[in-house]
Amino acid sequence: APLILQDFVNSLNIRKGELVGNPSYGTTIWDFIFEPNTLSVQQDLEEEIRRVASLDPRMILNTVIAYPQENGILIEVEVAVKPFNQAQFVNIFFDNLTNQATLE
């Protein structure tokens with residue numbers, strides 16, 4: 001399961017359009033870093049997390065909560081990994097100083 005979570009975080013570190021030969025791969029999450037903390041932005045952010053997670057058939061994403069921070073965004077996800085399906089909470093921090101998403 002840790003490898004699957006790391007794969008998920010790695011996919012969150014690839015900005016849409018960055019991968020040569022596959023411009024549709026990647027995420028737009030980084031576009032949200034400097035957006036105001038509105039309900040609409042939070043919903044868009046959570047939808048994007050769910051979209052990226054849905055690309056990995058090994059993952060089941062139950063809940064997604066975004067917490068804007070001074071220097072980035074903290075995402076709390078409840079995720080289960082197939083076939084075990086034991087849900088666990090994981091925090092992922094999008095740091096706008098390092099431009100990296102990391103498991104917390």
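This report describes charged pairs, buried residues and backbone features in one predicted protein model.

Because the model is predicted, local features require pLDDT of at least 70 and side-chain atom pairs count only at pLDDT 80 or more, whereas totals for chains, interfaces and linings use all residues. Residues are numbered from 1 along each chain as its sequence is written, and side-chain values use heavy atoms, with hydrogens and water left out.

**Salt bridges**

A salt bridge is a side-chain nitrogen of Lys or Arg within 4 Å of a carboxyl oxygen of Asp or Glu. Side chains of opposite charge can pair when their charged atoms come close. By this rule the count comes to three salt bridges, tabulated below.

| Pair | Closest N to O distance |
|---|---|
| D7 and R58 | 3.0 Å |
| R51 and E48 | 2.9 Å |
| D56 and R58 | 2.8 Å |

Helices (H or I, at least four residues) and strands (E, at least two) are DSSP runs, numbered from the N terminus. The D7 and R58 pair links distant parts of the chain, with D7 in helix α1 and R58 in the loop between α2 and β1 (59-69), 51 residues apart. Burial classes follow relative accessible area: buried means under 20%, exposed over 50%, and partly exposed in between (1.4 Å probe, protein chains only). D7 counts as partly exposed because its relative accessible area is 29%, and R58 falls in the partly exposed class at 31%. D56, which also pairs with R58, is buried at 14% relative accessibility. Salt bridges that share partners join D7, D56 and R58 into one network.

R51 and E48 are three residues apart in helix α2, so about one helical turn separates them. Within this pair, R51 is partly exposed at 28%, whereas E48 is buried at 8%.

**Buried residues without a salt bridge or charge partner**

E78 lies in strand β2 (residues 72-81). E78 is buried yet has no salt bridge; R50, the nearest side chain of opposite charge, is 8.3 Å away. For such assignments, Lys and Arg count as positive and Asp and Glu as negative, while His and the chain ends are not counted. Contact means heavy atoms within 4.5 Å. Leaving aside residues up to four places away in sequence, E78 touches I60, L61, N62, T63, A87, Q88 and F89.

L5 is placed in helix α1 and is buried, with a relative accessible area of 8%. With the exclusion of residues up to four places away in sequence, L5 touches V79, Q88, V90 and L103.

**Surface charge**

D31, E35, D44 and E47 form a negative surface patch. Patches are made of residues with over 30% relative accessible area and no salt bridge; like charges are joined within 9 Å, and nonpolar side chains (Val, Leu, Ile, Met, Phe, Trp, Tyr) within 5 Å. The place of a charge is taken as NZ of Lys, CZ of Arg, CG of Asp or CD of Glu. One member of the patch, D31, is in the loop between α1 (2-12) and α2 (39-54) and is exposed at 53%.

**Backbone features**

The loop between β2 and β3 (88-95) contains P83, and a cis peptide bond with omega of about 5° joins K82 and P83. N85 is also placed in the loop between β2 and β3. Although N85 is not a glycine, its phi is positive, about 60°; N85 is partly exposed at 43%.

N99, in the loop between β3 and β4 (100-103), has a positive phi of about 55° although it is not a glycine. At 39% relative accessibility, N99 is partly exposed.

Technical notes: Areas by Shrake-Rupley, 256 points an atom, 1.4 Å probe, with all protein chains shown as cover.
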